[in-house]
Every structure is written in structure tokens, then in C-alpha cells.
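Open your viewer, switch to a cartoon display and give each chain its own colour. We will go from one stop to the next, and at each one you will select something and look around.

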Amino acid sequence: MSQTRRHSTRPGHAAKGKQPNRPTPAAKVAITFRLDTDRAARLQVIAEAENRSLTNYIETALLRDLARREEADRVITMYVAPAVSTSIHPEDVVRAEAESDEDYAVRQALAVELWSIPDNA
Amino acid sequence: MQPGAFVRVLLPTRGKPREPGLLHVGYVLVVARGECVVAYSTSQPWPSDTPLPSGVRLVDAQDAARLNQSRAFLLRLDVLARLPMTRDWFPDIDHPNQGVIAIAQPSLQTELTRLAVNVARRRRELLQICADRRVLNPPASPHHYTHC
């Protein structure tokens, strides 16, 4: 006689090995660090002002720093409005007031290059 | 509006990159055929322990005052927008001054143009390095060409 294994059907009590397809949060590693009392107190005040725990505030500050560093790694971010042209001719470039021929030539070359950069924002 | 102008402009944001966004003061780097390339500026202080990316020029309070701005700011020649010169993007373009706050002195214009040229050159060099790597290590499938 075969036996049927009974599975729990209560919400939140799924049987082992039968977990529903929920996204699992990324694993986190615990880091301990030391900070002087004054700075820790200041951070605590800022965290409370932002209605966060100190841990969450520090994590957010670190993520902001990482994002800034990643941004620094990107060389040029180009936003391109819809329906602007994709290329230009050097002679289309407007000359600045009293601009020397040399400076104007540099600006023309730069313009042609900038127009070749696709939207990467 | 002429190149070298600092102008009020609704620069796109990361959240809505194809739409007019927040009102900023931008620097008009190039103008051509009714369109322009504008560099972003920000008065947010840069963290002291983080090096400035190439293409970022600090304009101190003294120079900012000469440009009719109340405080020091960072000019981001590495963050640019290519925009049509229309009222949608330049809200004061129909005004007599077209929303222009100041015109950079010729020496500053030259410096900023050269800085932008250097950033563009660095980008080109990085692209070239990517291309060289692809030649040296050809990917198994053309789909792998999407990343360097």
C-alpha cells in the first residue's frame, strides 16, 4: 500500500523542497566596524532625521557612494531628446562671439563627435 | 542663444531621460542647426574623499559670482544633453535674454571646450580598447559584442 505524503496548505507553511517561485533576497554579509563616539552620535541624529535606523542609513550612504563611483567610471553620459538630428556638418556649428579660428575648429570637431554619441542615459 | 552661454534649461533626469526635467543652469557647449549640447551643472558639494571624474570643472564662488551665480558649482562636461532649442526645454527662450544668465569669458570657453575634447577623446580611446580586446579575443557569438 502506498502512502501519500500530506503537504501543508497553510499560507506561509509550504513544505520543504516545494518553495514557491518567490524572489529570494540577495545574501548579505554582516560587517562590524568601529567609529568614534562623536561621529556615531552625529550619524544617529542624521538617521533619526531621515526616519531610518542607523544601520539602514549607513548602508544607504555606502550605496550612494558606490553609485557615485560607478558614475565616475562612465566617461560621458549623453541624454538625447527625441527627434534631434543624429549628425551634423562642421559648417553648421555656430561660432562663439570673437572666437578664434583655431578655437572654432576645435569646437567644430567636438560638435561632430558629440553628435555621434548615442543616447546612453 | 550662443555657445558659451549659461542658460536656464529643463534638463532630463535619469528617471525620465527623454523628457524635459528639472530646471537647471546648463552650459551651452555647442550650437548647430537649432539644436545644442548642454553640460549639466550642480551646486551639490562633491565628497572630499572622492576624486573628481575627468570632465568635471569646479567653478569656485568667486568665478561663480562673475557668472551671476550665487554659489560655487561643478560643471559636468561628462554629463551632456543634446536638445532642440525650443520652449519645451528652454522655458525662457522667448524672453529677450532667452534665459541666458551669463556668457563665459573667452578664456573659460576655450578651457571648457578643451576639457570636453579630452573627455570625448578618452571615451574614444576606451571604445578603441574595447574594439582591440574583441579582435584579440573574438567572442563565440556576435551577440557577445554588446559589452566590452
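**Stop 1: the two chains**

Begin with chain A, where you will find three helices and one strand. Follow chain A from its N terminus and the elements come in the order α-α-β-α. Keep in mind that this is a predicted model. Chain A has 121 residues, and 11% of them count as buried. Among the contacts in chain A with a separation of 6 or more, 42% are between residues 24 or more positions apart.

Now select chain B, which has two helices and six strands. Starting at the N terminus, its elements read β-β-β-β-α-β-β-α. Chain B is built from 148 residues, of which 32% are buried. If you take the contacts in chain B between residues at least 6 apart in sequence, 55% join residues at least 24 apart.

**Stop 2: where the chains touch**

Show both chains together and look at the contact between them. How many residues does each chain bring to the contact? Chain A gives 28 residues and chain B gives 34 residues. On the side of chain A that touches chain B, the elements giving two or more residues are helix H2 (54–73), strand E1 (77–80) and helix H3 (101–116) of chain A. H3(A) provides the largest share of that side, with seven residues. Colour that side of chain A by residue type and you should find 19 nonpolar, two polar and seven charged residues.

**Stop 3: a strand with partners in both chains**

Select strand E5 of chain B, residues 73–84, along with E1(A). These two strands pair in the parallel sense over four bridges. Which residue of E5(B) is the bridge partner of Thr77(A)? It is Val79(B). Step along to Met78(A), which stands opposite Leu80(B) in E5(B).

Next, add strand E3 of chain B, residues 35–42, to your selection. E3(B) pairs with E5(B) in the antiparallel sense, over eight bridges. Here Ala39(B) has Leu80(B) as its bridge partner, and Leu80(B) is the residue you just saw opposite Met78(A). Add strand E4 of chain B, residues 56–59, as well: E4(B) and E5(B) are antiparallel and share four bridges. Look for Leu58(B), whose bridge partner in E5(B) is Leu74(B).

Is E5(B) largely enclosed or open? Ten of its twelve residues are buried, so E5(B) is largely enclosed by the rest of the structure. While you have strands on screen, here is a handy rule: in a regular strand, side chains alternate between the two faces of the sheet.

**Stop 4: helix H3 of chain A**

Go back to chain A and select H3(A). Its 16 residues, at 1.5 Å a residue, should span 22 Å, and the end C-alpha atoms are 23 Å apart, which agrees. Show the side chains of Arg107(A), Leu110(A), Ala111(A), Leu114(A) and Trp115(A), which are buried. Now turn the view to look down the axis of H3(A): the buried residues fall within an arc of 130 degrees, so they line one face of the helix. A general rule helps here: an α-helix has 3.6 residues a turn, so residues three or four places apart point the same way. On the face turned away from the buried side of H3(A), look for the exposed residues Asp101(A) and Glu102(A).

**Stop 5: the largest nonpolar core**

The largest nonpolar core has 43 residues, and the ones touching the most other members are Val30(B), Val38(B), Ala39(B) and Leu80(B). Elements from both chains give two or more residues to this core: E1 and H3 of chain A, together with E1, strand E2 (22–32), E3, E5 and helix H2 (106–136) of chain B.

Zoom in on Ala39(B). Leaving aside neighbours within four places in sequence, its contacts include Gly26(B), Tyr27(B), Leu29(B), Leu75(B) and Leu80(B).

**Stop 6: the start of chain B**

Finish with Met1(B), in the segment before strand E1 (5–11) of chain B. Met1(B) has 17 C-beta neighbours inside 10 Å, so it counts as partly exposed. Not counting residues up to four places away in sequence, Met1(B) touches Val7(B), Val28(B), Val31(B), Met85(B), Gln98(B) and Val100(B). Try the distance tool on Met1(B) and Val31(B): they are 30 residues apart along the chain, and their C-alpha atoms are separated by 8.1 Å.

Terms used:
Residues are numbered from 1 along each chain as its sequence is written. Chains are lettered from A and ligands numbered from 1 in the order in which they are written. This is a predicted model: local features need pLDDT of at least 70, side-chain atom pairs count only at pLDDT 80 or more; totals for chains, interfaces and linings use all residues. Two residues are in contact if their C-beta atoms, placed from the backbone, lie within 7 Å. Ala, Val, Leu, Ile, Met, Phe, Trp, Tyr, Cys and Pro count as nonpolar, Asp, Glu, Lys and Arg as charged, and the others, Gly among them, as polar. Two strands pair if DSSP finds at least two bridges between them. A residue is buried if 20 or more other C-beta atoms lie within 10 Å of its own, exposed if 12 or fewer, and partly exposed in between; C-beta atoms are placed from the backbone. The expected span of a helix is 1.5 Å times one less than its number of residues. The arc is that of the directions from the helix axis to the C-beta atoms. A nonpolar core is a set of buried Ala, Val, Leu, Ile, Met, Phe, Trp, Tyr and Cys residues joined through C-beta atoms within 7 Å.
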